[in-house]
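Could you open the model in your viewer and keep the sequence panel beside it? We will walk through it stop by stop, selecting as we go.

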Amino acid sequence: MASHLRLAIKKSASPLARSAVQARFASSAAKQPTLKERLAELIPPTLERVKAVRAEHGKKSFGPVIVDQLYGGMRGLPALIWEGSVLDPDEGIRFRGKTIPEIQAALPKAPGGSEPLPEGLFWLLVTGEIPTAEQVAGLSAEWAARAAIPEFVEELIDRCPPTLHPMSQFSLAVTALNHDSAFAKAYAQGINKKEYWGPTFEDSMDLIAKLPTIAGRIYRNVYGKGKLPAIDLQKDYSHNLANLLGFGENHAFVELMRLYLTIHSDHEGGNVSAHTGKLVGSALSDPFISYSAALNGLAGPLHGLANQEVLVWLTKMQAKIGTDATDEAVKEYVWATLKGGQVVPGYGHAVLRKTDPRYIAQREFALKHLPDDKLFKLVAQVYKLVPDILLEAGKAKNPWPNVDAHSGVLLTHYGLDQMGYYTVLFGVSRAFGVTAQLIWDRALGAPLERPKSYSTEAIDKMFKNKN
Ligand code: FAM
């Protein structure tokens with residue numbers, strides 16, 4: 001049994017809680033491999049497969065690279081290996097080959113729940129396999145057991161002024177977790193590079209496990225919500241996160257967290273947060289400091305902060321044109337945004353060319369749980385009107401909504417209406433995808449990232465000389 005679980009069982013308040021955790025873990029461990037055991041089995045054949053793929057295709061070309069791609073944010077440039085998910089412009093994300101509806105059907109659910117447990121998604125991202133309910137319960141128990149953060153990190157968060165953006169606090173606290181990094185320690189002791197994946201896995205499990213505690217503490221401090229409750233060792237990850245935020249009794253909110261954490265977890269490797277995590281990790285920075293770098297990228301308004309921007313934009317719109325505004329009034333507001341030289345938040349995408357299936361999944365949740373919510377109705381009205389306006393404006397390559405156009409309205413409905421906090425929840429989820437790849441990068445011996453850059457003068461000279 002993992003040392004974290006032994007410790008948690010020892011620390012459990014009541015004999016009843018102790019025996020529940022013991023029984024839960026025993027039932028999963030006795031019959032089936034844990035995630036780490038399964039990963040250890042998968043590494044040797046995956047190394048062989050990568051070797052074979054490189055031997056067969058290593059010298060093949062994806063086609064030419066053009067100068068515009070260097071100036072244009074590297075759109076479409078094939079540059080990274082990312083195992084967990086692949087994004088198709090028209091179809092959207094597939095996690096290890098599975099669409100969102102497929103994972104919603106296939107992944108284990110909580111008793112009485114109908115949304116997938118994100119624990120199962122993490123298992124899928126790491127192994128490419130659908131876990132059993134017992135394996136997922138084992139992960140829930142293990143993450144709950146690892147959830148505590150060092151006292152100095154608690155103090156660090158408590159000393160942040162409430163005016164410091166929650167994402168800055170989040171990244172600060174995650175950076176500080178590197179104090180106890182198993183990877184950094186093992187590296188300092190001279191670990192063999194073949195063994196890197198082991199402590200990277202341990203750090204990744206710790207990181208994911210501790211994020212709700214950090215996120216909950218920031219929420220309670222910034223918005224004056226009182227003391228953080230204890231982690232419940234018998235509950236799943238999303239339930240614990242919801243409870244830390246003060247919504248543990250609300251079954252629909254807990255279900256929302258399960259869906260939210262599942263669909264925000266991974267979106268292939270080229271997006272700012274995922275790529276940053278991988279890039280920093282390629283210097284053998286440990287998972288904590290790699291992920292805090294990723295969080296700083298997520299905090300930008302063109303990326304993860306767009307969920308905050310959407311709600312700010314919608315509430316300003318409501319304030320200006322009222323809650324039951326006509327289509328004409330909404331259109332006018334959207335045009336005013338564009339004419340003011342601003343983007344319509346939650347719309348457009350660097351890769352997608354259709355409505356984001358993560359938007360659809362959240363819309364379906366809203367239709368099921370909050371069909372009459374006024375703000376949801378506005379979100380639906382905006383969906384009906386904005387694509388045509390963006391097409392008419394003629395700049396955006398994708399006029400359709402992305403994930404961020406819908407997440408805030410769901411949170412607001414249940415009372416989590418502090419928009420400045422929304423990206424933190426995205427950040428809890430995105431750790432699943434980034435760490436799954438960090439583990440594989442260390443297992444496969446991924447090298448330091450170091451692409452080539454050029455100056456404008458160099459490009460000019462290079463092509464003038466060729467003509
Ligand atoms: N509203 C207004 N203009 C837009 C637009 C939007 N929603 N989306 C794209 N454009 C503009 C864009 O600013 C660019 O203008 P310039 O030529 O003047 O620079 C032009 O259309 C071409 O851009 P593109 O090629 O279609 O998009 P990019 O790949 O450059 O950028 C996004 C992609 C996501 C940054 C962009 O669509 C955007 O700014 N959207 C709004 C912010 C947003 O929702 N971000 C969240 C993305 C999300 F999926 C995530 O990462 N979490």
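The tour begins with the whole chain and then moves to its parts.

**Before you click**

This is a predicted model, in which local features need pLDDT of at least 70 and side-chain atom pairs count only at pLDDT 80 or more, while totals for chains, interfaces and linings use all residues. Residues are numbered from 1 along each chain as its sequence is written.

**Stop 1: the whole chain**

Show the protein chain as a cartoon. The protein chain has 22 helices and two strands; helices (H or I, at least four residues) and strands (E, at least two) are DSSP runs, numbered from the N terminus. Along its principal axes, the C-alpha trace spans about 65 × 60 × 45 Å. The radius of gyration of the protein chain is 23 Å, which agrees with the value near 23 Å for a compact globule of 467 residues. That radius is taken over C-alpha atoms, and the globule rule is 2.2 Å times the number of residues to the power 0.38.

Now think about packing. Of the 467 residues, 46% are buried. A residue is buried if 20 or more other C-beta atoms lie within 10 Å of its own, exposed if 12 or fewer, and partly exposed in between, with C-beta atoms placed from the backbone. Among contacts with a separation of 6 or more, 76% join residues 24 or more positions apart; two residues are in contact if their C-beta atoms, placed from the backbone, lie within 7 Å.

**Stop 2: two domains**

Colour 28-48 + 79-304 + 418-447 as domain 1 and 306-413 as domain 2. These bounds come from an automatic or database domain assignment. The C-alpha centres of domain 1 and domain 2 lie 28 Å apart. Their contact takes 22 residues from domain 1 and 21 residues from domain 2.

Which elements each supply at least two residues of the side of domain 1 that touches domain 2? Select β2 (92-95), α13 (251-263) and α21 (422-443) to see them. Of these, α13 gives the most to that side, with five residues. By class, the side of domain 1 that touches domain 2 has 14 nonpolar, seven polar and one charged residues. Here Ala, Val, Leu, Ile, Met, Phe, Trp, Tyr, Cys and Pro count as nonpolar, Asp, Glu, Lys and Arg as charged, and the others, Gly among them, as polar.

**Stop 3: the ligand**

Show the ligand as sticks, then select A306, G348, A350, A396 and K397, the closest of the 21 residues that surround the ligand. A residue counts as near a molecule if its C-beta atom, placed from the backbone, lies within 6 Å of it. The shell around the ligand has ten nonpolar, eight polar and three charged residues. Domain 1 and domain 2 both give residues to this shell, so the ligand lies between them.

**Stop 4: the hairpin**

Select β1 (residues 85-88), then add β2 (92-95). The two strands run antiparallel, joined by four bridges; strands pair if DSSP finds at least two bridges between them. A hairpin of three residues joins β1 to β2. S85 stands opposite F95 in β2, and the bridge partner of D88 is G92. Show the side chains of β1: S85 and L87 point to one face and are buried, while V86 and D88 point to the other and are not.

**Stop 5: a buried valine and an exposed proline**

Click V153 in helix α8 (residues 151-158). Is V153 buried or exposed? V153 is buried, with 22 other C-beta atoms within 10 Å. Leaving aside neighbours within four places in sequence, V153 is in contact with A173, A176 and L177. V153 and A176 are 23 residues apart in sequence, and their C-alpha atoms are 6.6 Å apart.

Next, jump to P64, in the loop between α3 (35-57) and α4 (67-71). P64 is exposed, with 6 other C-beta atoms within 10 Å. P64 and R49 are 15 residues apart along the chain, and 27 Å separates their C-alpha atoms.

**Stop 6: two positive phi angles**

Most residues other than glycine have a negative phi. Select E268, in the loop between α13 and α14 (272-281). Its phi is near 50°, a positive value, and E268 counts as buried, with 21 C-beta neighbours inside 10 Å.

Finish at L284, in the loop between α14 and α15 (287-298). The phi of L284 is near 65°, again positive. L284 counts as partly exposed, with 16 C-beta neighbours inside 10 Å.
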